[in-house]
Amino acid sequence: MCRDLATEVEKLLLQPGSYVRKKAVLTAVHMIRKVPELSNIFLPPCAQLLHERHHGILLGTITLITELCERSPAALKHFRKVVPQLVQILRTLVTTGYSTEHSISGVSDPFLQVQILRLLRILGRNHEESSETMNDLLAQVATNTDTSRNAGNAVLFETVLTIMDTRSAAGLRVLAVNILGRFLLNNDKNIRYVALTSLLRMVQSDHSAVQRHRPTVVECLREPDASLSRRALELSLALVNSSNVRAMTQELQSFLESCPPDLRADCASGILLAAERFAPTKRWHIDTILRVLTTAGTHVRDDAVANLTQLIGGAQELHAYSVRRLYSALAEDISQQPLVQVAAWCIGEYGDLLLEGSCEETEPLQVKEEEVLALLEKVLQSHMSLPATRGYALTALMKLSTRLRGDNNRIRQVVSIYGSCVDVELQQRAVEYNTLFRKYDHMRAAILEKMPLVERGGTQDEEAKESKEAQLSEAALVSTEPPASKLLDLLDLLDSSSGAAQPPPPLEPSPGGTLGHLLDLPCASPAPASVPNLRVFEREGLQLNLSFVRPPETPALLLITVTAVNTSGADVTHFVCQAAVPKSFQLQLQAPSGDTVPAQGGLPVTQLLRIFNPNKAPLRLKLRLTYHHLGQSVQEIFEVNNLPAETWQ
Amino acid sequence: MQFMLLFSRQGKLRLQKWYVSLSDREKKKITREIVQTILARKPKMCSFHEWRDLKIVYKRYASLYFCCAIEDQENELITLEVIHRYVELLDKYFGSVCELDIIFNFEKAYFILDEFLLEGEVQETSKKNVLKAIEQADLLQEEAETPRSVLEEIGLT
């Protein structure tokens, strides 16, 4: 229909009779919106129509030109040459065009003014020459408009938008920002709202100018009106920089405490982001995140926990401080899940620092071991805890078994209870930790050592934890810290044990016995168990004695001292003693004290054998001796019988 | 402007003018949503509300809410002026307008709106001209209603 009637409308555009013409112009606007190809028909009459005196037609024409320019860059270029004419029209309107029928409260025809300003904005965008032409006019409008009523403010607002969008002079831009600042102080909420919206658009380009109005913006945060406070929040977050970060965070945090729930998530993540970018000190950063977690814990993003743990892990000097603060926060309230997770992790990692005593930066806090354990158990049992939080708490309890000095009964109890938990994740963890207590107790300390600093990258923290769990179940070692030399032995032994020719009998030590063993471990070691000496060989005055030592802290280890004594008259020279044990054992021969056994019971030659017997299999020992005695070279191979049971049980 | 709605405090729609073409079902749905949202707002809140990708500018006059939906780049403050100008026109025409006037003379309300706005844009900025046009239309209507004899019609008497 539009296509058919387009020519008719065009004819009507130039007819006499303003009533019809003004309607015809707007009909043309509608046609262009429906069928953009008709622009060509309506482009030529525009120039003539601009000379109209009738406001209605003029207004329609401006709208038509705006529509044409928005749709086609060619039209835009074409109409740039009418900029001077538009400027003239507006100038006349502002200075001398006062007529009662078109004005609203002292502003002449605000509708027309706003429309012209809008067109000027489109024409002056990215175009130096046009922008220059309108500079004076914009300044004039900005300063002369009466702003006591809404009409004047509407015109002023449009002027500000035009100044911002075109290539206006610097002074003009400053004027625009100041006008917006004045708007912010206006009592009318609507005006404050549009000011906040415009400032948000400007903050990228004219940051320093907007900064000057920061106090007013922060005032607007306290507005009860939700749309206003939302705008103020966005603008405040955009205004945070390194110099005002402390003050702004303070304001934003007090806002967080009182803001409506739908803004909480945005506010919390905004504060955390700002803290990350501009934190002056690590301690302040940790404090800020802590405060956000306590106030709005449920609304923070998922990676906040990972970020915080990484941050705390990196700030070594603040470990004691962080763990104390987290402990106090947790003791007060265990419902905020992210806070509970971070606190549980920290207590697990740095529990020893928590119990140590005083820390200069917080008030002295005397914490007893039972309190810490009780708190973690409370978290585990609470119905408010998410499964992930329970996992954190269980792992923390486990880590504390190595950090605390008391006995681990309570921890072991909890861990074994959760071995039959309905939640599969918890059950798996509990069973693995149980195994750690029982069979691999010697490795527990190494596995539960302090974590190294994780690489920045969100999920790596979780991956490090998960890989720990996986390795635990395979009973292999996590090579984090340089392990003690003893552990290296164990590793070799474990590898060899997996390929044992004779599978060691599955010896399940009685629970009582194992418990006794474990309980012994953290305490001071008693005197090594004494095993009677054994004479294994005698020939022509050369005697070989074995003495055994079983150190209690490593029950699988057996130390044998081979002593060769010569009671004959002649020396024994080139004395070499070699030993062999079954495959399931590991043997280490240390260098002998010498290779000559002097005659007449002189200084004996001693040699130390270290035998590692993790499977507690019966010990079998074969010795081979070669030496020179009485002019003969002797070679002897024999098995040691009658080894006392204490050597291998 | 995309559309204008007038509704009472109880949520009854008194006037609707759509400047975009939508199906009836969509119009009903939009109307319901907007009426609900605006009525839920407290009295001290600002007159602008973001809804989908439009801005809703609304003002309450006595028992009627006047709602306009404008696009992102339009000036909200001048839209408030548009609403106010429309109310002034109604007031001048009906003489101290109230909701009842609009209920019983809704076609006149639509005529006045059509004289003031076309295609969502202001077509006449002079109050006088708009009211003059309405008066002329009224006169024509009255003339049409008065019975004329056949002779008068052809101009012989």
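**Surface patch, cavities and salt bridges**

In this predicted model, A:Leu12, A:Tyr19 and A:Val20 together make a nonpolar surface patch of about 230 Å². Of these residues, A:Tyr19 belongs to helix α2 of chain A, which spans residues 18-34, and is partly exposed, with a relative accessible area of 38%.

Within the structure there are four cavities of 30 Å³ or more, and the largest has a volume of about 250 Å³. Its lining comprises 17 residues, of which A:Gln115, B:Glu74, B:Ile78, B:Glu121 and B:Val122 lie nearest the centre of the cavity. Two or more lining residues each come from α4 (55-71) and α7 (110-124) of chain A and from α2 (76-94) and β7 (121-122) of chain B, with α7(A) giving the most, namely four residues. By character, the lining of the largest cavity divides into nine nonpolar, five polar and three charged residues.

Over all chains, 36 salt bridges are found. In chain B, the side chains of B:Arg14 and B:Glu99 meet at 2.7 Å, N to O; because B:Arg14 lies in strand β2 (residues 13-18) and B:Glu99 in helix α3 (residues 99-104), this pair ties together parts that are 85 residues apart in sequence. B:Arg14 is partly exposed at 24% relative accessible area, whereas B:Glu99, at 15%, counts as buried. A further salt bridge joins B:Asp114 and B:Lys17, with the closest N and O atoms 3.0 Å apart, and thereby links helix α4 (residues 106-116) of chain B to strand β2 of chain B, parts that are 97 residues apart in sequence. Finally, salt bridges with shared partners join A:Arg33, A:Glu67, A:Arg71, B:Glu119 and B:Glu121 into one network.

Note on methods
Residues are numbered from 1 along each chain as its sequence is written. Chains are lettered from A and ligands numbered from 1 in the order in which they are written. This is a predicted model: local features need pLDDT of at least 70, side-chain atom pairs count only at pLDDT 80 or more; totals for chains, interfaces and linings use all residues. Side-chain values use heavy atoms; hydrogens and water are left out. On a 1 Å grid over the protein atoms alone, a cavity is a set of points where a 1.4 Å probe fits but cannot get out, and a pocket is an open set with protein on both sides within 12 Å along at least five of seven lines; lining residues have an atom within 4 Å of a point. Grid points are joined across faces, edges and corners, and a volume is the space filled by probe spheres set on the points. Ala, Val, Leu, Ile, Met, Phe, Trp, Tyr, Cys and Pro count as nonpolar, Asp, Glu, Lys and Arg as charged, and the others, Gly among them, as polar. Patches are made of residues with over 30% relative accessible area and no salt bridge: like charges are joined within 9 Å, nonpolar side chains (Val, Leu, Ile, Met, Phe, Trp, Tyr) within 5 Å. Accessible areas come from the Shrake-Rupley method with a 1.4 Å probe; for residues, only the protein chains shown count as cover. A salt bridge is a side-chain nitrogen of Lys or Arg within 4 Å of a carboxyl oxygen of Asp or Glu. Buried means under 20% relative accessible area, exposed over 50%, partly exposed in between (1.4 Å probe, protein chains only).
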